[in-house]
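Reader: I would be grateful for a close look at one part of this structure, namely its internal cavities. Please describe how they are lined.

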Amino acid sequence: MIQKIFFCAFFCLVTLASYAQKCTYKFKGIVTDYHNGTPIFGASIFIKNLNKYATSDARGQFEIPNICLGEIQVLISHLSCETKEVFIDFDKSISQEFYLEHHTEELKEVRIVAASELKTKTTQSKILKTELINAYSSQTLGDVLKNISGVSAINTGNTIVKPMINGLHSSRIILMTNGVRLQDQEWGIEHAPNIDINTAEKITVIKGANALEFGGDAIGGAVIVSPDRVLVKDSLFGKSILTGQKNGQGFSFHSSLSKATKEGWYINAKTTLKKYGDFDSPSYVLSNTGLNAQAFSLHTGLKKFESGFNIYYTYVKNEIGILKSSHIGNVEDLVNAINSDEPLVIKPFSYDINAPRQEVTHQLVKVDFYKRYQNTGKLTLQYDFQNNQRYEYDMRVGSDKTKPSIDLNLNSHSFKTSFAFDSKSNQTYKVGFMAAYQDNFANPNTGVKRLIPDYYTYDFGLFTIGNFALNDATNLDLGLRYDFNYINAKKFYFKSRWEERNYDIEYTDLIIGDYNREWLVNPKFKYHNFSASAGISHQLNENNSVLFNYALSSRAPNPSELFSDGLHHSAARIELGDLRMPQERSNRVSASYNFENDKTAILIELFYNQIYNFMYIEPEGTEQTIRGAFPVWVYNKTNASLFGVDVNWRQKITKQIDFKHQSSFIRGKDLVNDRHLIDIPAASTLNSIGYQNKKWQHFNASLESNFVFKQHLFPNNNFDVFIPSTNNTVLLDVSSTPSSYHLLKFNTDVTFKLSEKSKVTVGFTITNILNTKYRAYLNRLRYFADDLGRNFVLQLKFNY
């Protein structure tokens, strides 16, 4: 017994001696900002397994005495930073430097400020948030963007909707989805963007060419579709949205699921299905206007502050019916259609989608990697591949009945890299490089002369952007970009067309083959494009701010403007491009005034855009083919000017009632021919009054009034046509615009909490409440039928 007591005492003495010897070490260090190396005051340094802590001083320094040898677990945290955890094998007194991401909370604050509906920095821009995007889950990108003043749409029916910013569309607008520039043959008016809006957490619209990072040819602006943010914590959540509507008797279903870990790994999957039958005007069925759509996306990667990577894949397939009565056999059909109050073809409701129709499949794969460098900035590398397969089906007979009239396959490869120097809080810089390759194949086995030829392109771009905080109230942005574009095409021209366009005088060196009635030519064009932007914003006081902006941009002609040559069957017209098309160059100046307090927010935006070599398409007469006479639409160029003003006003009447107003006015002028431009949107105004009551299951209700004025300013493109059946010549009026119209919309929703982490929102919407009969000027099918009638929409949204 005594022996046991002796050994226990001896062991305790040894332990105490060891403790006294090894717990006299010091743990010292400094906590600094990762971006710029500045010291962080008030950081907490906690040794978890020893229950010891300290706080950094004004120089970022700290010291913890009496540390024992062995492994220690250290947590470094700060109110404005993400907590950092490190394990140290402590074998002597050490001094160590720790870096925290001190801008994390600042970036979150910037995100919140930017999400304010009327806030701007040095560009005219606006953000649409998740709630609004969800409300438009069953519709298109073009539909949801119309909630922004100055943004309208140019349509081919109600399912092919292209966004238009301040009167410009198609190749003049850059569409970015998850950091990738969309390449889906956007040059056609009847080519809708192949984007599933349900993949977006937010959508940013930048008016004018002020997004030089994405391209220098955004004469109209840029639409940036951003995916869901990645939460760096252990989480599993999702949402499902089911929408049913009466007009079209169809549904839309979307579902998404996200999983993330605190180590930074994440995965997100989304899918969308849509099916609609023939839609209705107020008086009749719009035959063959159904839609079948499927979309799927997968997003995964590793997100850490110092480095990470992302992998993204998306698949979108749309089968779109085009109004049956818009398919004309010849110009006499067009005359009869324009003179008729109703479509020439009206059939009972059906889910069938027959010719004329489109079938478009778009696939996108993106891989990117980023790495942050201490006290310097962030490097980003990205590669993406896109495949766009477009079929357009005409009404054909016999063995060609199932063959498409247009069969285009476009493959696009892109690589880009950028470095953001963001170590200084009052000035940041970004430089970048882009290289891209495209290969377009026009299948010759359609039995129809190819409208667009085979071609490939090379594109290279360099840019630099600087952001400067001149003082607490003034910010300055500067940007510069250079792009090189090369296009190489092979195309057959009828010799008669070649001579008619006077190509036999200017382009004889392009001929590489003689095929009886046709020349095989090999056009090769190079374009050097320079772009620049400069913007300044100034906060006059707490409530008032102004900004001024200038943007220079240039755009090479697209394949349609250069090479179109033949009958565009789904559009029922002959389209002619011009090999002589030069670059388009734009000078845009803009100014904004913003007032905002607790109850009132007013934003007034003005712009003037002068465009040299402005390219546009317009009707110029008819041409006889073996199928009859068709209208001829020709690409021309001129010098043009566009001027406009957009107004937003939000007024909080009470705590529960608010009023919103937005209006847009734009004028477009052909400066060479002293006439108005074609396809300029009419002035419009939208007013809504809303009521919210959180006590009533988060009840919301709003009534919206949208008035669109008649467009009185348009060019006269009417021409005479000969009608063989009557042996008469008549005037074909393709220029006159529809009357003004007024639409009412009602929307309401309530939210029920199902559990601690799940809820369901029930929404109900009525559009065109009065079942107003109208035709929109920028709907290409206005010649043949009225627009949509009243529609009842029920939506269920589950968050879990």
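Author:
**The cavities and their linings**

Both β9 (151-156) and β36 contribute at least two residues to the lining of the second largest cavity. The model discussed here is a predicted one. This second largest cavity encloses a volume of about 230 Å³. Its lining comprises 20 residues, and those nearest the centre are Trp633, Ile678, Asp679, Arg782 and Tyr783. Sorted by class, the lining of the second largest cavity holds 12 nonpolar, four polar and four charged residues. Because domain 2 (125-223) and domain 3 (224-790) both give residues to this lining, the second largest cavity lies between them.

The largest cavity may be described along similar headings. Its space amounts to about 340 Å³. There are 27 lining residues, and His169, Arg172, Met615, Tyr616 and Ile617 are the closest to the centre of the largest cavity. At least two lining residues come from each of β11 (168-169), α8 (559-563), β34 (573-576) and β36 (600-625). Of the elements that line the largest cavity, β36 provides the largest share, with four residues. The lining of the largest cavity is made up of 12 nonpolar, eight polar and seven charged residues. Domain 2 (125-223) and domain 3 (224-790) each supply at least three residues to the lining of the largest cavity.

Strand β36 thus recurs in the description: it supplies at least two residues to the lining of the second largest cavity and four to that of the largest. As for the overall tally, the count of cavities of 30 Å³ or more comes to 15.

Note on methods:
Residues numbered from 1 in each chain as written. Predicted model: local features only at pLDDT ≥ 70, side-chain atom pairs only at ≥ 80, totals over all residues. Heavy atoms only, no water. 1 Å grid on protein atoms, 1.4 Å probe; cavity = no way out; pocket = protein on both sides within 12 Å on 5 of 7 lines; lining within 4 Å. Points joined across faces, edges and corners; volume = space filled by probe spheres on them. Nonpolar A, V, L, I, M, F, W, Y, C, P; charged D, E, K, R; others polar. Domains from an automatic or database assignment.
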